[in-house]
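Colleague: Before I rely on the terms used for this model, I should like to hear the reasoning behind them. Please take the salt bridges and then the pocket.

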Amino acid sequence: MKTKKVQLILLLMAVLQSAAIFTAHAQIIRTSNGILVKAGGRQVGLFAAKNAAFCLSLNDSIAPSTIKSVFIDQSNKAVTPYTVISASPSYGIKTAYGKLMINTDTKVWMLYDAAGRVLIRDGSYSTTDSSIAITQKAEGLLYGSGNKSSKKLEKNQSASSAGNGVADIPYFWNSEGYSAFGVSANDNKPATWTRGNDKATLTWKFAGKTANLYLWPAKTMYDGTSGYVKLTGRPKLPPRWAFGYLQSQWGWADSAYIANVETKFRTHKLPVDAFIFDFEWYTVTPDYSVKKEGKAGFTDFTFNPKLFPHPAKQLAELKSQGIKFIGIRKPRLGNNLLLDSVRKNGWLMHPNTDSRDLNFSNADLRKWFEEKTRPMLNKGVDAWWDDEGESYYTCYYWWNTAQRDLLASARPNYRHFTINRAFSPGDQQFGYSTWSGDIASTWPSLADVPKDLLNFSLAGIAYGACDIGGFQGTPTKEMLVRWFQAGVFLPIMRSHSNIGTTARFPFLWGDDGEAAMRKALNLRYQLLPYIYSLGHEAYNTGAPIMRPLVMEFPADTTVANMTDEWLVGKGLLAAPVLNAGGKRSVYLPNDTWYDYHTGEVIIGPKTITVDKALDEIPVYVRAGTILPVGPVIQYSEQTSATPLEIHIYPGKNGSFKMVEDDGVSYNYTKGNTRTTAYYWNDKTKTLTWEVSGPYSGKNVYKTIKVVLGKKEKSATISQKGSLVFN
């Protein structure tokens with residue numbers, strides 16, 4: 001009996017010791033994901049998160065914990081193994097990717113990488129009754145916080161706010177080798193950061209009495225984006241048709257007009273995958289003049305019979321031609337009776353103002369909104385275009401939550417896709433595109449497009465888009481053609497135009513304009529196997545589809561802020577003409593490059609000058625690239641017996657994983673894909689491949705034609721195979 005009692009006491013002591021470590025200076029309380037330690041008269045949490053990051057947690061509770069924020073991916077249940085470091089007065093936690101430490105005497109915190117290199121050596125914090133500030137040294141180049149504070153790639157602040165085509169997020173990657181992401185107590189009052197003019201000291205500010213600062217070692221931008229999506233959510237793929245060309249305008253006149261445009265696209269051999277409709281598809285007049293009380297007879301949840309007298313039949317007809325339907329949505333209501341109902345239920349976001357915006361964070365409102373929207377979805381709507389949702393920071397998150405949940409119930413396992421005018425952290429989880437807003441039809445606006453979209457890419461939004469041709473005004477023919485050509489190399493290729501301007505239908509712009517735009521569209525569809533596979537890479541790793549050159553060439557100071565040319569994946573360099581006249585200079589970094597159209601070899605680093613005809617695009621391919629090129633098709637789901645071309649660009653070894661799936665479901669998240677891993681051995685001039693994954697739908701390629709310069713060889717794609725070029 002005595003022995004059992006002693007054993008019980010020893011067991012109890014062991015449990016207590018595992019939970020708390022006492023020293024002369026501090027008490028450490030161990031939790032499931034880190035430690036709590038008292039420093040400066042308050043408890044500080046040092047936690048490991050999502051097997052990706054550390055979290056420095058400050059608040060005024062007895063036991064600080066991580067904030068439950070919509071910015072953090074709740075589906076990632078990864079548990080991070082860690083060990084406690086106790087060397088009074090320094091305490092911390094260590095993981096496979098580094099360690100986070102705090103000195104309880106000085107309140108100084110430090111971040112280290114896995115090799116023990118100090119990344120942040122003198123972090124500090126201070127508090128007031130209404131806010132928390134966390135300060136650190138932050139030399140190096142900072143990237144990744146969005147495009148609102150600055151369109152430059154390099155950043156010195158983030159206001160963490162959203163507007164028309166712009167958004168900042170509380171995040172950055174530092175070229176010194178780490179990333180940081182701040183979360184405050186209120187997602188609609190997000191953390192902000194500012195770096196001083198000396199570009200050495202950086203201060204985070206958190207409204208309220210709670211702050212979480214996530215930190216992770218990240219040697220490269222790729223490491224930064226990988227950690228970011230582990231923390232905030234992986235970018236789900238839109239349906240495959242969304243990677244094709246999407247034709248939008250404000251000004252679809254009536255049902256005959258829609259049918260005529262459909263016929264023109266198909267008879268003129270102009271590839272297109274979706275028509276996108278503005279206000280006119282669901283209401284007779286816009287709601288911009290509607291008062292806060294609403295307007296009698298305003299229609300919020302119906303099809304306009306002038307355009308769609310038989311919506312289910314008409315949408316089915318569009319689909320039979322490979323054309324999907326995307327309709328605009330607003331975050332507010334116009335109908336007076338509906339507004340009375342939501343106002344009585346307390347479902348408006350700003351009830352004491354003239355705003356009619358809905359509070360999508362309210363679960364009851366979302367259920368009501370879903371049921372009002374369901375009849376339109378049941379008639380065949382494929383996706384939504386969400387506009388003007390910037391009245392609160394998380395509007396698009398909660399709005400998309402409602403739309404995703406409705407789609408899941410009405411059309412189970414069909415991929416959610418929306419086009420949105422801004423974003424907040426974590427929105428990439430939805431199958432989410434952001435376009436760069438209501439921009440002008442000018443050359444400077446065209447030049448700004450890659451600035452915006454590259455910043456989107458580094459802020460976690462893999463699917464950036466723009467109004468090709470600009471929204472405000474009518475572009476010249478040359479400008480529109482050049483915009484189309486740039487659009488080939490954007491993650492989402494979508495044109496749009498304002499009411500009263502010339503629609504961006506290629507057949508309206510003269511024979512030469514139409515021919516040049518058709519040529520660009522054909523190239524886009526030929527590159528779909530490549531771009532779609534990059535979408536899978538983005539989902540699996542966080543690497544964006546559209547990448548700044550600095551991602552691949554970080555030591556090259558010439559490209560630190562370069563945005564007028566960019567990479568699609570690692571190997572395809574797009575340098576479209578973004579100015580009048582057809583001339584531009586192109587910088588090719590330190591590598592061997594091939595002109596995509598002529599095969600000319602150019603050794604970098606080198607700046608060249610090009611003069612391109614209206615239908616020509618400067619495009620270059622990096623040595624070692626394996627580029628899958630599909631046949632010309634009229635819509636993405638159109639099948640073809642034409643072999644897939646595999647273009648090899650020699651000079652070094654290379655590899656590429658081409659991924660195929662059903663293009664519409666989430667089965668890819670469960671591994672139901674077909675991945676063909678290609679590998680090029682430059683020394684032996686041998687291409688090998690290996691197929692993995694269970695997917696075997698009718699849309700998979702069964703034969704390939706391998707192109708190496710002027711040499712071609714064909715093969716059937718077996719489980720494993722190889723071709724040798726002598």
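Modeller: The model is predicted. By the rule applied, the count comes to 35 salt bridges.

Colleague: Why is the contact between Glu-637 and Lys-324 called a salt bridge?

Modeller: The closest N and O atoms of Glu-637 and Lys-324 are 3.1 Å apart. The cut-off is within 4 Å, so the pair qualifies. The two residues lie 313 residues apart, with Glu-637 in the loop between strand 37 and strand 38 and Lys-324 in strand 23.

Colleague: Is each partner buried or exposed, or in between?

Modeller: Lys-324 has a relative accessible area of 7%, and buried means under 20%, so Lys-324 is buried. Glu-637, at 40%, falls between 20% and 50% and is therefore partly exposed.

Colleague: What makes Arg-547 and Glu-537 a link between separate parts of the chain?

Modeller: Their side chains meet in a salt bridge at 3.2 Å, N to O. Arg-547 lies in strand 29 and Glu-537 in helix 11, so the pair ties together parts that are ten residues apart in sequence. Arg-547 has a relative accessible area of 0%, under the 20% limit, and is therefore buried. Glu-537, at 27%, is partly exposed.

Colleague: Where does Glu-537 stand with respect to the largest pocket?

Modeller: The largest pocket holds about 650 Å³ of space. Glu-537 is one of the residues closest to its centre, among the 33 that line it. Helix 11 gives the most to this lining, with eight residues.

Colleague: How many residues of each class make up that lining?

Modeller: The lining has ten nonpolar, 15 polar and eight charged residues.

Note on methods. Residues numbered from 1 in each chain as written. Predicted model: local features only at pLDDT ≥ 70, side-chain atom pairs only at ≥ 80, totals over all residues. Heavy atoms only, no water. 1 Å grid on protein atoms, 1.4 Å probe; cavity = no way out; pocket = protein on both sides within 12 Å on 5 of 7 lines; lining within 4 Å. Points joined across faces, edges and corners; volume = space filled by probe spheres on them. Helix = DSSP H or I, 4+ residues; strand = E, 2+ residues; numbered from the N terminus. Nonpolar A, V, L, I, M, F, W, Y, C, P; charged D, E, K, R; others polar. Buried < 20%, exposed > 50% of the residue type's maximum accessible area, 1.4 Å probe, protein only.
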